[in-house]
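The exercises below ask the reader to work from the coordinates, one step at a time. Each task is followed by its solution.

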Amino acid sequence: MDVRRRNNVVVTGRADGPVLLLAHGFGCDQSMWRLLVPALADEFRLVLFDYTGCGASERGAWNAERYGSLQGYAADVTEICEELGLEDVTFVGHSVSAMVGVLASRSERNRIGSLVLLVPNPRYLDAPEEGYRGGFSATDVEELLTSLEANPGWPQWLAPVVIGDPDRPELSSELEEVFCAADPEVVRVFARATFLTDSRADLPGVSVPTLVLRTAQDAIAPLAVSDLVHREIPGSRLVTLEATGHCPQLSAPEATARAVREFAGAVKRR
Amino acid sequence: MREAGPTPLPPNGASHPSACENGSRRGPGAESADRRRAARGGDTATDVAFTALLEDSAEELYEKAPCGYLSTLMDGTVARINGTLLEWLGLSRQEVVSRLTFPDLLTGAGKLFFETRFFPLLRLKGEVNGLAMDLALRDGRLPVMASATLKTSADGQPLLMRITLFDARDRRAYEAELLRGKTAADEARARAEADRERLQSALAVLQRSLLPDDLPRVPGMEVASYYHTASRDQLGGDFYDLFQVDGARWAFFLGDVCGKGPEAAAVTSLVRYTLRAAALHDSEPEAALATLNTVLYERYTGSDPRYCTAVFGVLRPRAETGEVEVSLASGGHPPAMVVRSDGEVEQLRTPGGLLIGILPTANFTTAGTVLRAGDTLLLHTDGLTEARTGADHGLYGDAALAAFARERAPVSAPALVESLTELLHGFGAGLDDDTALLALGVPTAGAGTAAGTAQHFTADTDSRSSSHETPA
């Protein structure tokens, strides 16, 4: 198995810099880091990838069983680290990938030295009986899953993937840059793993230095949730960016880069 | 491009009246409008004035457009919203502008979709088109199709999200209908496949019931058989059997009922039990086939004549010599073949034997031979010799079969059936008929046992079940 090809691994930035492994969340692919990469490239060696099934990864290597749980995504992360011989990696995980990083850092084959959890949410579903508000009711999540499972949702995900066709060169000239192309089946399985998993119990077991990075207002990762993540992970730091929304690497790339840089520097000095 | 005078623009640069037309591209009607104007002598000033009279202002067009307009800051905060959208939402401008974000206007699922898909794509591509989401209303929801573009500053920094929303209730209902139809079709297909699966397994059971479960052991002989099923959806009409008649004699038969399917299977069943009963009554080959002829002719007279071809024979093993005397008769069936130990291949011809069941009385002739050590008698149905082979799809034929057997002589019954089975598999799509093989042989000196062995192969269209050997 060629992991680099399977996960469309892209290595960029400063060749001898400390390693940042940038892991995209549900709904997109490594393009999510496009605005952040220029802000970090002169200091870090940046490793980008698409989870199997997403973006330009090898769709044929995907199967519903492995990627039906977050452990499957964590295995992708571990295998990429092993394939590239990475050690003491700073893993930056966006959204659901924050929890993937938590799982990978707890695996026996862990290569992760520190974690940046970007707008993490270990459980999107409310748990009223525990007084937990993850941000979404079971109905909300069910509605999203239904809209993904019902075919009318397909245009949302099937970005026009135009592959260079040697017989039809005119297509290449019209080739639009494709972001976040996704196979509906992959999206459905990833959505279930993302929105129906409760990873709260994994938080106290994190033993690497961790930064919880959030925005001032985030519809799908409420402040109380990132407070809980910070509280549950021993010795973690919590930084609130001067930004709003769930994608600070897109809406506030400079501020996000600054926070990552400061944390990585602090970890190095320890 | 648009030479027909200045386009009315809204006073506020933040709004964007042409967003309904998907950016600033001209609508499909623009060309013909130009032509119409030209035809009327290019009286553009009048046109503009006339239009302006109907459309009081660009501002009014924005406010009352048949779609929702919304401009937000990059953090989603609503900066401007049109009257149509406010009306849909049942909110006042004061309640929304600067107070709410676009995701605030969406259902929970819509928020998830906006944050994980809509916003990233818009930020990365600069536009998104036709994304389905639902507005959360006080009393329910409104399905909309959303398109959006980014307004950027001179240096490319994004300033605003410009979002257009179309009422998608009808479209969503139509899609739901399509989905229901697709689900129903999927279920029907799944049921049909399950039914076919059940039918195939029932047919397989029925087909097996028309063939012997195991071949009996014949003293001093090795016997083997094989049945190739051409289609799992169709019962074949080939049959064979081997059974003991009395202390000294065994009877065998092999044949082919015309046609396929349940009717052919019914005839096969009748043929098989008639021949078994006839053999016990009078095991002379001619007599057995004559009885079968009478039964078939009388049972299937009139509009539904049924007939078959068959070879029927009797074996008399001679313990003292190790030889086996064979006498057999045939009705319209390809001749049985004897593969001698020295490589000679003989056909046991039975001149005059007619199709069985066609005429009220039929005459059959008997042929006889003696099988000695290393000799094997082969019976087959015409699926084998009428298989299409080679580039020209010609018939495999009797001569090729004889040559095939000759090359393998001396060959035991199991070995001959096994190599013919491989041959049949090699025909692939060229073999489109059921095929039965029955081989009866005398082992070469030192091989086999006095008790005899039997091998029995059955196979589906494309797989071969394991053979089993009766313990000696």
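Two residues count as being in contact when their C-beta atoms, placed from the backbone, lie within 7 Å. The model is a predicted one.

**Exercise 1.** Determine which residues Leu21(A) is in contact with, leaving aside its neighbours within four places in sequence, and then place Leu21(A) within the nonpolar cores.

*Solution.* Once those sequence neighbours are set aside, Leu21(A) is in contact with Val47(A), Val89(A), Phe91(A) and Val92(A). Turning to the largest nonpolar core, which has 114 residues, one finds Leu21(A) among the members that touch the most other members, a group that also includes Leu22(A), Phe91(A), Val92(A) and Val100(A). The largest share of this core, eight residues, is nevertheless contributed by a helix of chain B, namely α6 (residues 108–125). Another core, of 72 residues, lies apart from it, and Tyr240(B), Val311(B), Phe312(B) and Leu431(B) are among its residues. As general background, nonpolar side chains tend to be buried together in soluble globular proteins.

**Exercise 2.** Work out the strand order of the open five-stranded sheet in chain B, and identify its edge strands.

*Solution.* Following the pairing from one side to the other gives β7-β8-β9-β10-β13 of chain B, with antiparallel pairing. The strands that pair on one side only are β7 (238–244) and β13 (366–371) of chain B, and these are therefore the edges. Neighbouring strands in this sheet are turned against each other by 15° on average, direction ignored. Within the sheet, β8 (residues 250–257) and β9 (residues 308–318) of chain B are joined in the antiparallel sense over eight bridges, and Asp256(B) has Thr309(B) in β9(B) as its bridge partner.

**Exercise 3.** Which strands do helices α8 and α9 of chain B lie across?

*Solution.* Helix α8 (residues 261–281) of chain B lies across β7, β8 and β9 of that chain, and runs at about 160° to β8(B). Helix α9 (residues 285–299) of chain B lies across β9, β10 (323–331) and β13 of chain B, and its angle to β9(B) is about 155°.

**Exercise 4.** Decide where in chain A the pLDDT is below 50.

*Solution.* Chain A averages a pLDDT of 88, with 89% of the residues scoring at least 70. Over residues 151–156 of chain A, however, the pLDDT is below 50, although this stretch has 14 contacts in the model beyond near neighbours in sequence. Residues 158–176 of chain A likewise stay under 50, with 13 contacts beyond four places in sequence. Where pLDDT is low, the predicted coordinates should not be read in detail.

How values were computed: Residues are numbered from 1 along each chain as its sequence is written. Chains are lettered from A and ligands numbered from 1 in the order in which they are written. This is a predicted model: local features need pLDDT of at least 70, side-chain atom pairs count only at pLDDT 80 or more; totals for chains, interfaces and linings use all residues. Two strands pair if DSSP finds at least two bridges between them. Helices (H or I, at least four residues) and strands (E, at least two) are DSSP runs, numbered from the N terminus. Axes are lines fitted to C-alpha atoms, for helices over the stretch in contact, and angles run from 0 to 180 degrees between N-to-C directions. A nonpolar core is a set of buried Ala, Val, Leu, Ile, Met, Phe, Trp, Tyr and Cys residues joined through C-beta atoms within 7 Å. A residue is buried if 20 or more other C-beta atoms lie within 10 Å of its own, exposed if 12 or fewer, and partly exposed in between; C-beta atoms are placed from the backbone. pLDDT is the predictor's confidence in each residue, from 0 to 100.
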